[in-house]
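Reader: I should like to go through this structure with you and ask, term by term, what each label rests on. Could you begin with the wording that the later answers depend on?

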Amino acid sequence: MMNDSHIFHRTAGVVPPRASHGEGVWITATDGRRYLDACGGAAVSCLGHGDPAVVRALSDQAAQLAYAHTSFFTTEAAEDLANLLVRNAPEGLGRVYFLCDGSEAIETAIKMAHQYHRETGGAARRHVIARQQSYHGNTLGALSAGGNAWRRTTYDGLLLPATSHIAPCWAYRHQTPGESDSDYAARAAGSLETEILRLGPENVSCFIAETVVGATLGCVPPSPGYFRQIRDICDRYGVLLILDEVMCGMGRTGTLHACEQEGISPDILVVAKGLGAGYVPLGAVICSDRIHDAFVDGSGSFTHGHTFVGHPVACAAALAVQREIASRDLLNNVRLRGAELHGALGARLAVHPHVGDIRGRGLFLALEFVADRQDKTPFAPERHVHRALRDAAFRKGLLIYAMAGTIDGRRGDHILLAPPYTVTTQEVQQVADRLADAVTEVFATP
Ligand SMILES: Cc1ncc(COP(=O)(O)O)c(C=O)c1O
């Protein structure tokens, strides 16, 4: 395509095709080509494209009141959405702070934890513990918490020093032969306690983790019991638990919140992406009453804030999204179609010599590719297997989310599937067929 664009594109100087319109799981480009959106962009478009109820809610709210600054007003749209989120929140979470996206929401959560400790006499608690091979966003605080080596490297020297990273809970690569699931979960969780003790509990503010690790590892659910032990360790040392469900939350794994399947509540839950389903940019921090009370009883205000906090149009659209998901029982569809997709991928690719693992929950699934299935050796990074897969799928009219650096930020390739919750059985089969064709094509050339 001619470079007639003034946008600073993701790949500088390369102009992607123009998307024209969307309907359901399909996106059509201006050249008329149709793409099956099997990854919802980046696990965003959970309701599909062009939902009339959401479009109506957006336009009604824009006509009624597009914007009111939160230092003067609250709005019905924001209050109603907060009520709905709290009604369905994990136990103990009672207050919502709205932001524009996942990174802003993560920044807010980290700062909220920090100020909470200052309000309650723990001013030394500054340290953030997170996990290697996690992603929490691209603003500097969120990037500092993230353990994605590739994304961090460029900003070496600019990231917050008071962060450290423990190993992820990743059975496929870290559970040793002969080690039981529960022994592995205990070992993985135990590394948090070791790190808290190394730093001194009185210095640790929070532990932040993706409940199901998304982009960086490729849909890795925790081993059974891992998060219950993490919860206990955090409680033992007064460390706040922040769960980042920006990607895996809001229904993506088959329950509204991924942590429901772990049987725990965090102190702070962060959601975005599926909250607004791509109709609006929106994120939210849902915190415990205990944290909110500490601000009420303390200084009275959170030293934070952005211009577009609680944007009424964004909140009205997200409210419509969440009502659609509930009234059409779409989480049931996530579970049913997710199982079908998992099965269809397994039927076509489970014995493929370069498919090492097919994993995930609900409509949040990933395939990890390896040079050798037996010893799980990854492909040489120079081969850019993930990119070849993404490009082959794109040529076949299939959108997949492809990433490199699965193992350590450099080695490893995976692709992620996260279609809209409205996906049908027939579309699930199309996703699996097109992906299998792309995989065959890419590995046909040695
Ligand atoms: C788990 C997780 N946290 C945070 C973010 C950052 O969200 P955003 O890109 O909306 O800033 C992402 C984005 O992919 C994510 O996957």
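Author: Contact here means that heavy atoms lie within 4.5 Å, and the model to which the word is applied is a predicted one. By that criterion, 40 residues of domain 1 are in contact with 42 residues of domain 2.

Reader: What makes the two parts domain 1 and domain 2, and where do they lie in the chain?

Author: The bounds come from an automatic or database domain assignment, which gives domain 1 as 19–50 + 329–444 and domain 2 as 54–327. Taken over C-alpha atoms, the centres of domain 1 and domain 2 are separated by 26 Å.

Reader: How do you know what area is buried between domain 1 and domain 2, and which atoms give it?

Author: The size of an interface is often given as the accessible area lost when the parts come together. For domain 1 and domain 2 this area is about 3,300 Å², with carbon and sulfur atoms giving 57% of it. Of the area that domain 1 buries against domain 2, Leu47, Arg361 and Phe364 supply 23%, which is more than any other three residues.

Reader: Why is the meeting of Glu262 and Arg361 called a salt bridge?

Author: The term requires a side-chain nitrogen of Lys or Arg within 4 Å of a carboxyl oxygen of Asp or Glu. The side chains of Glu262 and Arg361 meet at 2.8 Å, N to O, and therefore the pair satisfies that rule. Across the interface of domain 1 and domain 2 the rule finds 2 salt bridges, and 21 residue pairs are in polar contact there. On the side of domain 1 that touches domain 2, the elements giving two or more residues are α1, α12, β11, β12, β14 and β15, and β11 gives the most, with 5 residues. By class, that side of domain 1 has 21 nonpolar, 11 polar and 8 charged residues.

Reader: Why are Arg198 and Glu195 said to be separated by about one helical turn?

Author: They are so described because they are 3 residues apart in helix α8, which covers residues 181–199. The side chains of Arg198 and Glu195 also meet in a salt bridge, at 2.8 Å from N to O, and a search of the whole structure finds 19 salt bridges.

Reader: What makes Ser103, Tyr135 and Asp244 residues around the ligand?

Author: A residue is counted if one of its heavy atoms lies within 4 Å of the molecule. An oxygen atom of the ligand is 2.5 Å from an N or O atom in the side chain of Ser103, while a nitrogen atom of the ligand is 2.7 Å from an N or O atom in the side chain of Asp244. For Tyr135 the partner is a polar backbone atom, 3.4 Å from a nitrogen atom of the ligand. Each of these distances is within 4 Å, and therefore the three residues qualify. Other residues around the ligand include His136, Glu210 and Lys273.

Definitions and conventions: Residues numbered from 1 in each chain as written. Predicted model: local features only at pLDDT ≥ 70, side-chain atom pairs only at ≥ 80, totals over all residues. Heavy atoms only, no water. Buried area = accessible area lost by both parts, 1.4 Å probe. Polar contact = N/O pair within 3.5 Å; in protein donor to acceptor, adjacent residues only side chain to side chain. Helix = DSSP H or I, 4+ residues; strand = E, 2+ residues; numbered from the N terminus. Nonpolar A, V, L, I, M, F, W, Y, C, P; charged D, E, K, R; others polar.
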